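Trainee: Could you take one part of this model and walk me through it closely? I'd like to see how a helix sits among its neighbours and what goes on with the charged side chains around there.

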Amino acid sequence: QVHPAGAGVRGPVLVTPTGRWMFLVRPGDPLRPELEHCFHVVRHGPGSWVPAPPTRLPEGAVRWAVAPEQARWQLPDSYLVQNILIDALRATGITLTSDLLPGHLPLPRRGM
């Protein structure tokens, strides 16, 4: 079975009852500039929270699209998932910040 983010990605993904997909990734990377102002993408980090299954919200239950055990309890690289999201959003015709600003480069990755 192919991961919802695409081939080569292995990591937990949860889905809210309203259809929002949450890709859990390793921390440390900033949000790519292309995604910063895209209302389809919300970045969670220190001080925020996400509802994990089997949390029940007023709209229904949160569920796993890819459970942590299916992902061998590993989180994928944030930039890998962000690159796949950028490609998927562009494929659906969504205009991203970098499409409007030629030559805008992504922020450098922080060393770990």
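Mentor: Let's fix one cut-off before we start: a residue is called buried when its relative accessible area is under 20%, and exposed when that value is over 50%. Keep in mind, too, that this is a predicted model.

Now to helix α2, residues 78–91. At 1.5 Å a residue, its 14 residues should span 20 Å, and the end C-alpha atoms are indeed 20 Å apart. Its buried residues are Ser78, Tyr79, Val81, Gln82, Ile86 and Leu89. These cover an arc of only 155° around the axis, so they sit on the same side of α2. That buried set packs against β2 (21–23) and α1 (33–36), while the face turned away from it carries the exposed Asp87 and Ala91.

At the N-terminal end, Asp77 acts as a cap, with a side-chain oxygen 3.1 Å from the backbone nitrogen of Tyr79. Just past the helix, Gly93 has a positive phi of about 90°.

Asp77 also meets Arg26 in a salt bridge, 3.6 Å from N to O. Arg26 is in the loop between β2 and α1, and Asp77 in the loop between β5 (63–66) and α2, so the pair ties together parts 51 residues apart in sequence. Asp77 is buried at 17% relative accessible area, whereas Arg26 is partly exposed at 42%.

The whole structure has two salt bridges. Besides that pair, Arg32 bridges to Glu34, with the closest N and O atoms 2.4 Å apart. Arg32 counts as buried at 11% relative accessibility, and Glu34 counts as buried at 5%.

Conventions
Residues are numbered from 1 along each chain as its sequence is written. This is a predicted model: local features need pLDDT of at least 70, side-chain atom pairs count only at pLDDT 80 or more; totals for chains, interfaces and linings use all residues. Side-chain values use heavy atoms; hydrogens and water are left out. Helices (H or I, at least four residues) and strands (E, at least two) are DSSP runs, numbered from the N terminus. The expected span of a helix is 1.5 Å times one less than its number of residues. Buried means under 20% relative accessible area, exposed over 50%, partly exposed in between (1.4 Å probe, protein chains only). The arc is that of the directions from the helix axis to the C-beta atoms. Contact means heavy atoms within 4.5 Å. A polar contact is a pair of N or O atoms within 3.5 Å; within protein, one must be able to donate a hydrogen and the other to accept it, and residues adjacent in sequence count only if both atoms are side-chain atoms. A salt bridge is a side-chain nitrogen of Lys or Arg within 4 Å of a carboxyl oxygen of Asp or Glu.
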